[in-house]
Amino acid sequence: MENASKALIMAGGVLISLMVIGLLVLFYNNLSGMQKIKTDSETEQQAAEFNKQYDVYARDVYGSEILSIANKIADYNLRESDNKGYTKIELKVKLNKDIDDTYFKKGEYSSEQLKDKVKTIEKDLKEYSQRDKSKGHFFESTKMQGYSRTTAQLATMRSNDIEQLYDEATINNIKVDVQKYNSLKNLVTTFKENVFKYKDFNYDKNNGRITLMNYELN
């Protein structure tokens, strides 16, 4: 009898231990589940707060806004994505027509490509605006001496005033440069005034942050 009692006591102890272990496991699982829910909720809130600055553009936008988005994305990708490991944001802009025949031709552009195009236009515009029209192969005539003008200055002058300063060959060359200068000057404005159709946005499946902004110009 004594051995049987001891066996029952041991069995009871084992059973109690198993029950305690089971309760601890259940408690841990519940605690982990609650912590996960809390973490997921915080992640969702953080993503929603972060996405606000981009979700306002989930509509048709002007080209000026496209350029602002491109700069914003470039700054984020450098500051947050590269340094903190978040997925980079992409901007895709599809042109279904040529805006001009050199810089913004039909095709698909990323934020970096758009920024590079604008920089190139600004660089070329600066070159034209500062070009000294009294120098170079266009101006061999001695009549040009003393009448130095940049293309930017000539673009603001009346035709009659230009004709009084330069010979016919020079005037023809001036017209070509002024036309190119004015085209470059108006190109970014033209891009900014176009309306780009909103297509869709994509979001990271893990953290909910925006990863793609997609627009189109018809």
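**Strand β2, its sheet and the nonpolar cores**

In strand β2, which spans residues 90-95, the side chains alternate between two faces: Leu91, Val93 and Leu95 point to one face and are buried, whereas Glu90, Lys92 and Lys94 point to the other and are not. The model examined here is a predicted one, and this strand offers a convenient way into it.

Strand β2 has partners in both β5 and β3. With β5 (residues 210-217), β2 runs parallel, and 6 bridges join the two. Within this pairing, Lys94 of β2 stands opposite Glu216, and the bridge partner of Leu95 is Leu217. With β3 (residues 107-109), β2 runs antiparallel, and here 3 bridges make the connection. One residue taking part is Val93, whose bridge partner in β3 is Tyr109. Strands of a sheet pair through backbone hydrogen bonds, in either a parallel or an antiparallel manner.

Taken as a whole, the sheet is open and holds 5 strands in the order β1-β4-β5-β2-β3, with mixed pairing. Strands β1 (61-62) and β3 stand at the edges with a single partner strand each, so one side of each is left without a neighbour in the sheet. Helix α3 (residues 111-130) packs on the sheet, where it touches β2 and β3, and its direction makes about 95° with that of β3.

It helps to place the sheet within the protein chain, which contains 6 helices and 5 strands. Read from the N terminus, the elements follow one another as α-β-α-β-β-α-α-α-α-β-β. Of the 218 residues, 30% count as buried. Among contacts with a separation of 6 or more, 53% come from residues 24 or more positions apart. The chain exposes about 14400 Å², of which carbon and sulfur atoms supply 52%.

What lies in the interior? In soluble globular proteins, nonpolar side chains tend to be buried together. Here, the largest nonpolar core has 34 residues, and those with the most contacts inside it are Ile66, Leu91, Phe104, Phe196, Met213 and Tyr215. At least two residues of this core come from each of α1 (2-55), α2 (63-84), β2, α3, α6 (168-193), β4 (195-203) and β5. Helix α2 gives the most, with 6 residues. A second, separate core has 7 residues, including Leu154, Ile162, Leu165 and Ile174.

Individual residues fill in the picture. Leaving aside residues up to four places away in sequence, Phe104 touches Leu95, Lys97, Asp98, Ile99, Tyr109, Leu114, Lys117, Val118, Ile121, Leu187 and Phe191. Ile73, found in helix α2, is buried, with a relative accessible area of 0%. Beyond its neighbours within four places in sequence, Ile73 is in contact with Tyr54, Ile89, Glu90, Leu91, Ser111 and Met213. The last of these contacts spans the chain: Ile73 and Met213 are 140 residues apart along it, yet their C-alpha atoms are separated by 9.9 Å.

A charged side chain deserves a look as well. Arg209 is found in the loop between β4 and β5. Buried residues are those under 20% relative accessible area, and Arg209 counts as buried because its relative accessibility is 14%. Not counting residues up to four places away in sequence, Arg209 touches Ala47, Phe50, Asn51, Tyr76, Tyr86, Asn202, Tyr203 and Asp204.

Technical notes:
Residues numbered from 1 in each chain as written. Predicted model: local features only at pLDDT ≥ 70, side-chain atom pairs only at ≥ 80, totals over all residues. Heavy atoms only, no water. Buried < 20%, exposed > 50% of the residue type's maximum accessible area, 1.4 Å probe, protein only. Helix = DSSP H or I, 4+ residues; strand = E, 2+ residues; numbered from the N terminus. Pairing = 2+ DSSP bridges. Contact = heavy atoms within 4.5 Å. Axes fitted to C-alpha atoms, helices over the stretch in contact; angles between N-to-C directions. Core = buried A, V, L, I, M, F, W, Y, C linked by side-chain atoms within 4.5 Å. Areas by Shrake-Rupley, 256 points an atom, 1.4 Å probe, with all protein chains shown as cover.
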